[in-house]
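Colleague: I have not worked with this structure before. Could you take me through it, please?

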Amino acid sequence: MATPGRRACLQYLIHLAQDNLDFSPPCCFRERQYIYCQNISGAKDDIMTVVCFLSAFELWGHGRTHSELRTSLRNYPAEQMLPFLHKDSTYRINVYTFNKTLDFTERIKRIDAMDYLPFEGLVSLKSPQHVFCLLEDYGTDPNNIPEHPYYIYFGRWIADGQRELIRSHSVKNRHFIGNTSMDAGLSFIMANHAKVKEHDLVFDPFVGTGSLLVACSHFGAYVCGSDIDYNTIHGKGRSSRKDQKWRGPDENIRANLRQYGTEKLYVDVMVSDASKPVWRETALFDAIITDPPYGIRESTRRTGSHKETTKCSHVAVSQSYHLSEILADMLNFSAHRLVMGGRLVYWLPVYRPEYCEEMVPLHPCLLLISNCEQMLSSHTSRRLITMEKVKEPEGLDSLAHLSNPRFSAYQGHDTFREKYFSGLNKRLNKESKSDVKGDSIIPGSDNDRWQAPKENKHEPIH
Ligand SMILES: C[S@@+](CC[C@H](N)C(=O)[O-])C[C@H]1O[C@@H](n2cnc3c(N)ncnc32)[C@H](O)[C@@H]1O
């Protein structure tokens, strides 16, 4: 934490939701459940799109004690403070405590003690123009709550995040779902990391049931996707729901967007193999957001032809699609089809005992922006990787992965799967054999992560 001193530019304090602590946006300094940011552009609008933020404050002062807080607040530039304190304004002060409950009298005492600030406006509890917050942090251990807070902050409330979206878009109530539908919270976090905004064009090359398109369309982006699975794209075949054998007539991605009022942003989805892109050679997409098949919960296949090995005429066959190839294809595709500054956001599965940062695949045209972990078990996790296009591909850029040791870590695909599953299976055996079964699993939710590997039955590839 920076020592209290005269601050040249605005600082923001962001209170993160506990369940998404690991997914705070890049370029922020994080401490416990807070992050500090500088230079949030268009602060309020930006914050109101972020699902892992609970609230954001313009930070006016902070310290380990109330006396340090007072010193810090006295150093806060008056010209930044006074517009919110003048006599024609109305205000309210809220007291938030973390890991401790203060009674009403204690709260009032805390508010009264702030009278050294030059408030000249009128208090309005119901509809104040400005809301100020005193935040006291008592740590995270409910069995060890200190008498005095570890840290105290004071600031002006700017906006709340979008936690409500997670509930309103829960896959539990979604029209069309599958075994690997991404949960709503993580889908929105991916869209946030990709900086998806109104009028963007977003593509998911492994679209599945379109959960990521749902999230991106919520932020006003036009969305499209592709998947090798004919049944998924056409909403046919077996249902993933407990009490339903076959998918209904209108179970498809378009209907999902209709459910959330964003159908007008649906461009289309198509059956297509990501290893053989059908898009014209030009930068098209503002973001590519995807949850590729790693063979962890679904098979990794691509199309091929006997012609590739023999001289006979074309007969479509399905071939294995290894992790290192999926990654190389995805990065190359993004380097070519993203607009400059566009972002690729995807999940990388990781066997934790062997993971190191040098295993995150790079590309000469894509800058690694962030790399956040979601732990699945003591041995397994997946990492949310965000990259930004910084240069147009040229020369041998598309072949860079061939000599890049970062990709070779994923060449032993089957070995990776075995190791990955040995971690999951241990956890499976320990946790419960009974309640993680077939249809009781909520797709994309926590318990879904312990699901034993399931091979998708693909229709023949046409
Ligand atoms: C992890 S799932 C994506 C789930 C999706 N995010 C959702 O919310 O439903 C991966 C998807 O990749 C598809 N897939 C597998 N191999 C593919 C390939 N070669 N090209 C395109 N899609 C492929 C699978 O059919 C599967 O639907």
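Modeller: Certainly. Please keep in mind that this is a predicted model. I suggest Ile145 as a starting point, which lies in the loop between β7 (130-137) and β8 (151-160).

Colleague: Is Ile145 buried or exposed?

Modeller: Ile145 is partly exposed, because 13 other C-beta atoms lie within 10 Å, and a residue counts as buried only at 20 or more and as exposed at 12 or fewer.

Colleague: Which residues does Ile145 touch, leaving aside those up to four places away in sequence?

Modeller: Ile145 touches Asn99, Lys100 and Tyr138. Of these, Lys100 is 45 residues from Ile145 in sequence, and the two C-alpha atoms are 7.0 Å apart in space.

Colleague: What about contacts across the whole protein chain, how many of those with a separation of 6 or more are between residues 24 or more positions apart?

Modeller: Such pairs account for 71% of those contacts. The chain has 462 residues, and 39% of them are buried.

Colleague: How many helices and strands are there?

Modeller: The protein chain has twelve helices and 17 strands. Seven of the strands form an open sheet with mixed pairing, in the order β11-β10-β9-β12-β15-β17-β16. At its edges are β11 (266-271) and β16 (366-375), each of which pairs on one side only. On average, neighbouring strands of this sheet are turned by 15 degrees against each other, with direction ignored.

Colleague: Let us look inside the sheet. How do β12 and β15 run, and how many bridges join them?

Modeller: Strand β12 (residues 285-290) and strand β15 (residues 338-351) run parallel, joined by five bridges. As an example, Ala287 has Arg343 in β15 as its bridge partner.

Colleague: Which helices pack on the sheet?

Modeller: One of them is α7 (residues 211-218), which touches β9 (201-204), β10 (222-227) and β12. The direction of α7 makes about 170 degrees with that of β10. Helix α10 (residues 323-337) also packs on the sheet, touching β12, β15, β16 and β17 (380-389). The direction of α10 makes about 165 degrees with that of β15.

Colleague: Changing topic, which residues are closest to the ligand?

Modeller: The closest are Phe206, Gly208, Thr209, Ser211 and Ala274, among 26 residues that surround the ligand. Helix α7 appears again here: α7, β10 and β13 (301-305) each supply at least two residues of this shell.

Colleague: And what is the make-up of that shell by class?

Modeller: The shell has eleven polar, eight nonpolar and seven charged residues.

How values were computed:
Residues numbered from 1 in each chain as written. Predicted model: local features only at pLDDT ≥ 70, side-chain atom pairs only at ≥ 80, totals over all residues. Helix = DSSP H or I, 4+ residues; strand = E, 2+ residues; numbered from the N terminus. Contact = placed C-beta atoms within 7 Å. Pairing = 2+ DSSP bridges. Axes fitted to C-alpha atoms, helices over the stretch in contact; angles between N-to-C directions. Near = placed C-beta within 6 Å. Nonpolar A, V, L, I, M, F, W, Y, C, P; charged D, E, K, R; others polar.
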